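Me: Please take a close look at one part of this model, the place where its two chains meet. I should like one connected account, with each technical term explained as it arises.

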Number of protein chains: 2
Amino acid sequence: MASNSKPATMGLSTKPLYVQVRDALTERIATGAWKPGVAILNEADLARELGVSPGTMRKALDIMEHERLVTRRQGRGTFVNDQSSDELSQRFINVRGPDGERIVGDVKSVEITEGVANEMECMRLRLRTGDRVYRFRRVRFVDEQPFMLVEASVPASLFPGLEKMNDEGRIVGLAKRFGMLLGKAEERISISTASASIAEALSVAPGSPIAVLDRVVEAIDGQPVEWRMAWCQLAENYYLAVMN
Amino acid sequence: MASNSKPATMGLSTKPLYVQVRDALTERIATGAWKPGVAILNEADLARELGVSPGTMRKALDIMEHERLVTRRQGRGTFVNDQSSDELSQRFINVRGPDGERIVGDVKSVEITEGVANEMECMRLRLRTGDRVYRFRRVRFVDEQPFMLVEASVPASLFPGLEKMNDEGRIVGLAKRFGMLLGKAEERISISTASASIAEALSVAPGSPIAVLDRVVEAIDGQPVEWRMAWCQLAENYYLAVMN
DNA sequence: CCAGATTTGTTCGTATGTATC
DNA sequence: CGATACATACGAACAAATCTG
């Protein structure tokens with residue numbers, strides 16, 4: 001019981017100690033203090049540094065590994081994951097081709113606007129009326145063919161100065177640039193028929209069947225950070241859903 | 001080092017001890033030795049019974065909680081989950097109505113046949129050519145309206161005597177009856193247009209857009225146990241996919 | 001409502017095994 | 001082979017939730 005002095009940096013909260021440790025380490029990753037790919041201090045030293053027991057540090061790292069923030073390898077060390085790696089940045093792309101590979105495509109045109117959140121945006125992004133959003137409209141191409149029309153909205157308060165950045169607006173890129181870590185997402189898939197404007201954007205016949213994807217991505221703390229509507233064909237391709 | 005004698009029941013494997021403990025306890029649930037809803041022995045006594053430390057028992061129970069086999073509540077105890085409860089048995093039902101509630105419906109007609117697995121069944125269920133399967137064909141109704149046409153296949157070897165059982169063929173029910181615990185599932189969603197036979201079964205116009213669901217459910221050990229194709233409308237409803 | 005018993009949750013610390021370099 | 005790092009296993013003490021009398 002000698003070193004029970006609640007190290008000044010910790011113990012201010014009612015949350016379990018291992019959660020506080022996780023939060024502290026996650027902050028280091030989000031702010032860029034710990035760079036992707038680099039090995040972090042070993043468990044025992046880290047535990048000493050934060051003034052917790054090795055078991056508590058281990059539990060915190062267990063959570064972070066589960067959240068895909070770090071990778072641990074026996075005999076080597078613990079490494080910060082690169083959130084812009086293919087595996088992590090394509091984590092929310094569930095449309096797959098006949099061979100099972102993800103259909104990513106290239107963004108060919110982007111419009112960005114800013115305005116007051118409408119009713120739908122307020123609901124999906126949990127905003128209050130009057131809050132502002134940035135809106136993206138873009139088309140994804142595969143083999144020079146238009147494949148998916150996307151309209152995405154993000155809360156303006158989370159991405160200050162975004163309109164000057166000339167970004168293509170993928171949430172993964174935005175998150176990295178603004179030091180935000182992404183958590184889970186929910187997507188609603190329904191079927192509709194192509195309206196005139198969608199038919200034109202996707203070069204299909206008006207009235208042909210179209211998949212409508214309605215997706216909300218959350219930050220690691222559970223706050224919604226992107227609402228996206230997408231329209232695409234699913235004739236050759238399929239959407240892969242995994243249930244655990 | 002006194003009690004390092006590898007209790008006769010355990011330690012025969014190369015797997016970590018906590019995994020062996022998990023397997024042993026899981027077996028008790030699968031065989032019905034431990035009934036759903038009943039509290040199991042407390043951690044300390046269980047640890048003594050299996051001859052492991054409390055920490056190891058705790059880790060095994062952590063895994064089982066994560067696998068939805070048990071629920072633990074501080075101050076009360078650890079309880080075996082009822083795999084036929086709504087929450088668990090509807091875990092693979094992702095079609096939702098406008099209000100977000102799951103669309104379950106009632107099974108109105110079932111046909112069951114038995115035969116040699118075709119190429120597709122061999123691939124999805126990881127069977128060898130010549131292996132046998134049971135096949136179900138059923139229609140789900142909502143408000144007296146046909147809603148979903150289902151064709152499911154299961155390996156005959158896993159469900160001996162199934163043809164005499166007059167079962168409606170839901171995999172959750174089969175699993176419970178045969179002492180099998182289910183793990184994860186993958187579903188491929190694509191869009192097609194109603195063929196003549198599907199249009200008839202679902203009472204829609206031939207050629208109208210239809211969602212095609214291609215799903216494989218695995219047992220807790222990762223072995224595929226059901227391949228299911230389903231056709232349904234997604235006009236009013238939507239399919240909910242969660243990404244972690 | 002309180003006091004005590006029971007059970008899981010959290011935190012601590014140590015020792016040994018195993019993979020990597 | 002030795003040093004290092006994570007993985008496994010053990011054990012103990014206290015906190016927090018729950019139930020009972």
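Reply: Chain B is superposed on chain A by a rotation of 180° with 0.1 Å of shift along its axis, at an RMSD of 0.1 Å; the fit is by least squares on the C-alpha atoms of residues with pLDDT of at least 70 in both copies. The two copies are therefore related as by a two-fold rotation axis. Both copies use the same surface, for 100% of the contact residues of chain B recur in chain A.

This is a predicted model, in which local features need pLDDT of at least 70 and side-chain atom pairs count only at pLDDT 80 or more, while totals for chains, interfaces and linings use all residues; side-chain values use heavy atoms, with hydrogens and water left out. Residues are numbered from 1 along each chain as its sequence is written, and chains are lettered from A and ligands numbered from 1 in the order in which they are written.

The contact (heavy atoms within 4.5 Å) takes 28 residues from chain B and 28 residues from chain A. Between them the chains bury about 2500 Å², 61% of it on carbon and sulfur atoms. Buried area is the accessible area (1.4 Å probe) that two parts lose on being put together, summed over both. Of the area that chain B buries against chain A, 29% is supplied by B:Ile191, B:Met243 and B:Asn244, more than by any other three residues.

Across this interface there are 0 salt bridges, a salt bridge being a side-chain nitrogen of Lys or Arg within 4 Å of a carboxyl oxygen of Asp or Glu. The count of residue pairs in polar contact, both at pLDDT 80 or more, is 8. A polar contact is a pair of N or O atoms within 3.5 Å; within protein, one must be able to donate a hydrogen and the other to accept it, and residues adjacent in sequence count only if both atoms are side-chain atoms.

On chain B, the side that touches chain A draws at least two residues from each of β8 (182–193), β9 (209–219) and β11 (238–243). β8(B) gives the most, with 9 residues. Strands here are DSSP runs (E, at least two residues), numbered from the N terminus.

Strands also pair across the interface, where pairing requires that DSSP finds at least two bridges between two strands. Strand β11 (residues 238–243) of chain A runs antiparallel to β8(B), and 5 bridges join them. In this pairing, A:Val242 has B:Glu186 as its bridge partner.

An open antiparallel sheet of 8 strands spans both chains, in the order β5(A)-β6(A)-β7(A)-β10(A)-β9(A)-β8(A)-β11(B)-β4(B). Its edge strands, each pairing on one side only, are β5 (106–116) of chain A and β4 (95–96) of chain B. At the chain A edge, β5(A) pairs with β6 (residues 132–142) in the antiparallel sense over 10 bridges, and A:Gly115 stands opposite A:Val133 in β6(A).

Note on methods. Helix = DSSP H or I, 4+ residues; strand = E, 2+ residues; numbered from the N terminus.
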